Amino acid sequence: MTEHHPQSMRAFLESIENVTRIDEPVDPAFEIAACLSHLDGGPPVVFEKVIGHELRVTGNHVTTLDAVASALATDRTGLQDKLIAAIGNPLAPVPVGEGPCQEVATENPDLAELPIPSFFEYETGPYITAGAIVARDTLTGRANLSIARLKPLGGNRAFIGIAPNHHLAVLARAARDRSEQLEIAVTIGNHPAVMVAACLYLGLGDDELAVAGALLGSPIEVVPCQTVDLKVPAQCELVLEGILDPDEMIEEGPVSEFHGMYERYGAGYVVTFRAMTRRRDAIYQAVLPGYAGEHIYLGAVAIAAGLARSLKGKVPSLVEVAVTHGGAGRLHAVINLKEPRPGAARKAIFAVWGAVNLIKQVTVVEGEVDPWDGVAVEHAVANHMRPDRDLIVVPGVQADRSEPLEQGGVISKLGVDATRHDGDRADWTPAQPPADVMERIRDLLKR
Ligand SMILES: Cc1cc2nc3c(=O)[nH]c(=O)nc-3n(C[C@H](O)[C@H](O)[C@H](O)COP(=O)(O)O)c2cc1C
């Protein structure tokens with residue numbers, strides 16, 4: 001039996017047998033980032049002593065596909081279906097009277113009091129990277145949950161970096177058009193189910209927190225904020241309640257992106273925090289940004305599930321969609337089809353491009369090939385792709401601003417059809433020992 005509430009980050013950490021606990025004091029200036037980077041791909045890390053700070057820090061919660069699946073109480077073969085089912089059957093959050101995230105409250109908090117890590121050499125300051133941000137359109141009453149980076153600007157102010165097409169940016173522009181400011185609540189220290197849900201591309205007004213509830217099997221318990229009219233997960237570690245001013249813009253400077261390099265996006269909004277509430281012994285969560293496992297997979301599994309959901313009706317032979325680690329969890333997709341009809345692979349490629357602008361390369365495989373397994377996919381390409389026939393290059397397509405090779409707002413797209421084409425070979429028989437011997441010897445080796 002878990003000691004902690006099942007919707008909490010603590011329950012998740014408690015469920016992991018081999019959490020790495022670092023007792024040596026570490027500096028939030030780059031040392032936490034260096035540890036998370038060296039330990040990328042491994043289990044969660046807890047920093048017990050952070051120099052200059054009272055609160056502990058944790059990171060690397062889900063750095064692999066298997067870790068995401070296990071955090072959502074499934075395995076990699078069940079993960080996509082579980083996400084699709086949760087999107088289709090959301091459970092609206094339930095208000096509760098009180099929650100541990102409000103044990104301690106501070107007005108006009110000084111962000112310097114939080115152990116916010118500086119991650120990368122050429123970024124211009126520390127970043128809050130695990131903030132799952134609640135916002136609501138006051139006109140429609142609809143809530144939104146998404147992750148966006150925040151960089152402290154001194155005192156209770158922070159820069160917030162939001163891609164212009166993200167719903168939080170849409171809500172900020174809508175508030176500006178009404179000459180209003182936008183209330184936001186940055187929730188830090190959440191269960192991985194909340195983090196994955198925050199990365200889903202749903203319709204504007206679909207509340208990602210309701211999908212998180214479906215993933216966890218019970219509605220997320222929420223408490224009202226103290227200074228803004230928003231409700232936040234009662235079990236998170238810490239909440240920053242603030243106002244985003246859509247009229248105040250500030251230059252960011254170089255910032256890391258998922259592809260592993262720096263981008264210079266220019267100006268973004270400013271947020272002023274009216275209050276901070278937290279658990280008495282809050283554990284501050286950090287996601288290592290850039291090309292790192294957790295940043296990659298939180299986005300990858302969410303984007304892949306959204307793609308699979310949107311493709312299912314259009315391409316009946318669809319089995320699974322992967323958005324691969326090597327493609328930084330954003331740029332490359334692999335589609336697995338079952339006995340596709342002629343042309344289905346090409347149709348799937350165009351459907352992916354139509355659904356998610358970020359995806360540049362789409363590879364289509366069929367049969368037993370695990371689309372998340374880079375070696376298996378390359379093997380399918382080696383055996384089934386004829387370059388003169390099976391490559392599609394579409395130049396001059398509108399690019400996302402984070403596309404690493406974007407020029408003048410456009411990029412070319414590559415489709416790779418690595419499905420089997422009858423007639424390419426007379427004989428497709430796989431070379432292996434007889435199936436009955438394989439079976440018998442597998443049992444013998446197990447013994
Ligand atoms: C660790 C992490 C950090 C992220 N940081 C940002 C960010 O700084 N700005 C941004 O626009 N999106 C960021 N994202 C991606 C968005 O959270 C994600 O695309 C989300 O689905 C957008 O929300 P929306 O669907 O409500 O528009 C981040 C994702 C992760 C996993």
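These legends go with a set of close-up views of a predicted model.

**View 1. Two domains and the gap between their centres.**
The domain assignment splits the chain into domain 1 (9-289) and domain 2 (313-417). Taken over C-alpha atoms, the centres of domain 1 and domain 2 sit 30 Å apart. Where they touch, domain 1 puts in 11 residues and domain 2 puts in 8 residues.

**View 2. The largest nonpolar core.**
Here we're looking at a core of 135 residues, the largest nonpolar one in the model. Val68, Ile133, Ala197 and Ala348 have the most contacts inside it. The top contributor is helix α8 (residues 293-312), which hands over 12 residues. Both domain 1 (9-289) and domain 2 (313-417) give residues to this core, so it lies between them.

**View 3. Zooming in on Ile133.**
Which residues touch isoleucine 133 once its neighbours within four places in sequence are left aside? Leu145, Ser146, Ile147 and Ala148 are among them. The rest of the list is Leu168, Ile184, Ala185 and Val186. Ile133 is also one of the residues with the most contacts inside the largest nonpolar core.

**View 4. The five-stranded sheet and helix α8.**
This open sheet has 5 strands, and its order reads β18-β19-β20-β22-β21, with mixed pairing. At the edges you'll find β18 (318-323) and β21 (391-398), each of which pairs on one side only. On average, and ignoring direction, neighbouring strands here are turned by 15° against each other. Helix α8 packs on the sheet and touches β18 and β19, and its direction makes about 150° with that of β18.

**View 5. Strand β19 and the strands it pairs with.**
How do β18 and β19 run, parallel or antiparallel? They go antiparallel, joined by 5 bridges. One bridge on that side has valine 323 partnered with alanine 333 in β19. With strand β20 (residues 361-366), strand β19 (residues 332-337) pairs in the parallel sense, over 6 bridges. Two spots to pick out there: asparagine 336 has valine 365 in β20 as its bridge partner, and valine 334 stands opposite threonine 363 in β20. In general, strands of a sheet pair through backbone hydrogen bonds, either parallel or antiparallel.

**View 6. Both faces of β19.**
β19 is mostly covered, with 6 of its 6 residues buried. Look at one side and you get His332, Val334 and Asn336; flip to the other and it's Ala333, Ile335 and Leu337. Every one of those residues is buried, so to speak for both faces at once: they are covered.

**View 7. The four-stranded sheet and helix α2.**
A second view of strands: 4 of them form an open sheet in the order β1-β2-β3-β17, again with mixed pairing. β1 (20-22) and β17 (283-286) stand at the edges with a single partner strand each, so one side of each has no neighbour in the sheet. The average turn between neighbouring strands is 20°, direction ignored. Strand β2 (residues 45-47) and strand β3 (residues 56-59) run antiparallel, with 3 bridges joining them. In that pair, phenylalanine 47 has valine 57 of β3 as its bridge partner. Helix α2 (residues 31-38) packs on the sheet, touching β1, β2, β3 and β17, and its direction makes about 160° with that of β2.

**View 8. Two loop residues with positive phi.**
Phenylalanine 30 is in the loop between β1 and α2. Its phi is near 70°, a positive value in a residue other than glycine. With 16 other C-beta atoms within 10 Å, phenylalanine 30 comes out as partly exposed. Glutamate 339 is in the loop between β19 and α9, and its phi is near 40°, also positive in a residue other than glycine. Glutamate 339 is exposed, because 11 other C-beta atoms lie within 10 Å.

**View 9. Lys347 on helix α9.**
Lysine 347 belongs to helix α9 (residues 344-355). It has 17 C-beta neighbours inside 10 Å, so lysine 347 counts as partly exposed. Beyond its neighbours within four places in sequence, lysine 347 is in contact with Lys314 and Val315. Leucine 311 is 36 residues away from lysine 347 in sequence, but 9.8 Å away in space, C-alpha to C-alpha.

**View 10. Helix α12.**
How many buried residues does α12 have among its 12 residues? The count is 0, and α12 is hardly covered. At 1.5 Å a residue, helix α12 (residues 435-446) should span 16 Å, and its end C-alpha atoms are 17 Å apart, which agrees.

Terms used
Residues numbered from 1 in each chain as written. Predicted model: local features only at pLDDT ≥ 70, side-chain atom pairs only at ≥ 80, totals over all residues. Core = buried A, V, L, I, M, F, W, Y, C linked by C-beta atoms within 7 Å. Buried ≥ 20, exposed ≤ 12 C-beta atoms within 10 Å, placed from the backbone. Domains from an automatic or database assignment. Contact = placed C-beta atoms within 7 Å. Pairing = 2+ DSSP bridges. Axes fitted to C-alpha atoms, helices over the stretch in contact; angles between N-to-C directions. Expected span 1.5 Å × (residues − 1).
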